[in-house]
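Please look over the structure shown here with the following report, which moves from single residue pairs to the chain as a whole.

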Amino acid sequence: QCATIMDQGRVLLGTEDGLYTCNLVENTMEKVLDLKKVIRVDMAEKEELLVIMSGRQPMIKLLPKNAVLDASSGGEDELVKIPETKGVHMFHTGVTRAGGHSLLCVANKKRIIIYEFTKIRGAYLQRKIREYELPNTCQKLCNFGTTLCCGFNSGFSLYDLHDPSLPPTILPDQTDVSLTFIRLN
């Protein structure tokens, strides 16, 4: 279903019945976690955290990279579930705030929740810092510097992640009648 690069010699694979590491040097594969229906897996590079979207009603789970590298630990004890992300259909990592904290942007049907990773006593915690209501179902999330872009079937919304007081920019302009054909398609 999905994959992400762990390091130079390993790839992490998400499948219907769990999470596996594939060692390309030794040509071996090992089950890391017994998760159902892993839909997407990504690495928050700076924090060395795996962000996993899995389940019948998808939810975001976080796992330290070290738990995967140390296969004897099993990783189950270090898996952190974020309950309010139940029903997620998309997420994005890689956005950084001033101060160097990385963000996790999670999209449900009608909202985006922004989490910040914070290191406390050697462990990373996620803290909800912002939430945006969406005009439509999000189909794509990406960032341009500090701006989060949410794509819909008929346009885009841009959110400034450093200044929450700024309203989102909606593209194309909803008041421009010459662009009505875009909203209809």
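## Residue pairs across the strands

In this predicted model, Leu13 stands opposite Tyr20 in β3, and Leu13 also has Ala3 opposite, with Leu13 itself lying in β2. Leu13 thus serves as a convenient point of entry to the pairing of β2 with β3 and of β1 with β2. A further pair is formed by Val11 and Cys22, the latter residue belonging to β3.

In a regular strand, side chains alternate between the two faces of the sheet.

## Hairpins and the open sheet

Strand β2, which covers residues 10-15, pairs with strand β3, covering residues 18-23, in the antiparallel sense and over six bridges; the two are joined by a hairpin through two residues. The pairing of β1 with β2 is likewise described as antiparallel and runs over five bridges, and here too a hairpin is formed, with two residues between the strands.

These strands belong to an open sheet of four, arranged in the order β1-β2-β3-β4 with antiparallel pairing. The edges are taken by β1 (2-7) and β4 (28-33), each of which has a single partner strand, so that one side of each is left without a neighbour in the sheet. From one strand to the next, the twist averages 25°.

## Cysteines

Which degree of exposure, buried or exposed, applies to Cys2? With a relative accessible area of 14%, Cys2 counts as buried, because the cut-off for that class is under 20%.

How many disulfides does a search of the whole structure find? The search returns zero. Cys142, for instance, is in no disulfide, and the nearest cysteine sulfur, that of Cys149, is 4.4 Å away. A disulfide is a covalent bond between the sulfur atoms of two cysteines, and the criterion applied here requires a pair of cysteine sulfur atoms within 2.5 Å, which is why a separation of 4.4 Å does not qualify.

## The chain as a whole

Taken over its full length, the protein chain has two helices and 16 strands. Of its 185 residues, 42% count as buried, and the protein chain exposes about 10000 Å², of which carbon and sulfur atoms supply 52%.

The contacts can be viewed by their separation in sequence: among those between residues at least 6 apart in the protein chain, 35% join residues at least 24 apart.

Note on methods. Residues are numbered from 1 along each chain as its sequence is written. This is a predicted model: local features need pLDDT of at least 70, side-chain atom pairs count only at pLDDT 80 or more; totals for chains, interfaces and linings use all residues. Side-chain values use heavy atoms; hydrogens and water are left out. Buried means under 20% relative accessible area, exposed over 50%, partly exposed in between (1.4 Å probe, protein chains only). Contact means heavy atoms within 4.5 Å. Accessible areas come from the Shrake-Rupley method with a 1.4 Å probe; for residues, only the protein chains shown count as cover. Two strands pair if DSSP finds at least two bridges between them. Axes are lines fitted to C-alpha atoms, for helices over the stretch in contact, and angles run from 0 to 180 degrees between N-to-C directions.
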